[in-house]
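Me: Please take a close look at the aromatic ring pairs, and then at the parts linked with them. I am a first-year student, so explain each term once, with its cut-offs.

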Amino acid sequence: MNTLKVWFSHLINFILFFFLLIADLLLNVTTMRQAVATIGSHVTIYEIEHGNHDIFLSKLPVREKAFTLMFRWLKNLEDDWTNTSNNN
C-alpha cells in the first residue's frame with residue numbers, strides 16, 4: 001500500500017512539473033494587460049511567448065529576448081533622462 005502512495009505522489013509531482021514547464025499557471029495575462037492601464041500614462045509593454053513566471057528563469061531563447069528588451073528599455077529610459085536634463 002505504501003508503494004502505491006509513493007508512486008501516486010511521484011506521478012502527481014511529475015504532472016505538476018510538466019504543466020509548469022509548458023504553461024504558467026500563476027499569471028493571468030489578460031488581467032495583467034487590464035491592470036497596466038491603471039499604472040500610469042507612460043507604460044511600456046512587451047509580450048514574450050513561452051515565458052515562465054520569472055521570465056529570467058525561462059528557457060534560453062526566452063531569456064535572451066527578455067534581456068534584449070530590458071536593456072533596450074533601459075537605454076531608452078537613459079536617453080529620455082539625458083534629453084530631459086539637457087533641456088532644463
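Reply: The count of aromatic pairs comes to two. The rule is that rings of Phe, Tyr and Trp (its six-membered ring) pair if their centres lie within 6.5 Å; planes under 30 degrees apart count as stacked, over 60 as edge-to-face, and the rest as tilted. This is a predicted model, in which local features need pLDDT of at least 70 and side-chain atom pairs count only at pLDDT 80 or more, while totals for chains, interfaces and linings use all residues. Residues are numbered from 1 along each chain as its sequence is written, and side-chain values use heavy atoms, with hydrogens and water left out.

One pair joins phenylalanine 56 and phenylalanine 67: the ring centres are 4.5 Å apart and the planes stand at 45°, so this pair is tilted. Phenylalanine 56 sits in the loop between α2 (29-36) and α3 (60-87), whereas phenylalanine 67 belongs to helix α3, so the pair ties together parts eleven residues apart in sequence. Helices (H or I, at least four residues) and strands (E, at least two) are DSSP runs, numbered from the N terminus.

Are these two residues buried or exposed? Phenylalanine 56 has 30% relative accessibility and counts as partly exposed; phenylalanine 67, at 35%, is partly exposed too. Here buried means under 20% relative accessible area, exposed means over 50%, and partly exposed lies in between (1.4 Å probe, protein chains only).

Phenylalanine 67 also pairs with phenylalanine 71: their ring centres are 6.1 Å apart and their planes are at 20°, so this pair is stacked. Phenylalanine 67 and phenylalanine 71 are four residues apart in helix α3, which means about one helical turn separates them. Through these ring pairs, Phe56, Phe67 and Phe71 form a cluster.

The loop between α2 and α3 also holds serine 58. With 2% relative accessibility, serine 58 counts as buried. Its side chain reaches the backbone oxygen of isoleucine 55 at 3.1 Å. That is a polar contact: a pair of N or O atoms within 3.5 Å, where, within protein, one must be able to donate a hydrogen and the other to accept it, and residues adjacent in sequence count only if both atoms are side-chain atoms. Apart from neighbours within four places in sequence, serine 58 is in contact (heavy atoms within 4.5 Å) with Gly51, Asn52 and Arg63.

Helix α3 carries charged pairs as well. Side chains of opposite charge can pair when their charged atoms come close. A salt bridge is a side-chain nitrogen of Lys or Arg within 4 Å of a carboxyl oxygen of Asp or Glu, and the structure holds two. Lysine 75 bridges to glutamate 78, with the closest N and O atoms 3.9 Å apart; these two residues are three residues apart in helix α3, about one turn. Lysine 75 also bridges to aspartate 79, with the closest N and O atoms 3.0 Å apart, and here the spacing in helix α3 is four residues, again about one turn. Lys75, Glu78 and Asp79 are thus linked in a network of salt bridges. Partly exposed is the label for lysine 75 at 43%, for glutamate 78 at 44% and for aspartate 79 at 28%.

As for the protein chain, there are three helices and zero strands. Of its 88 residues, 6% are buried.
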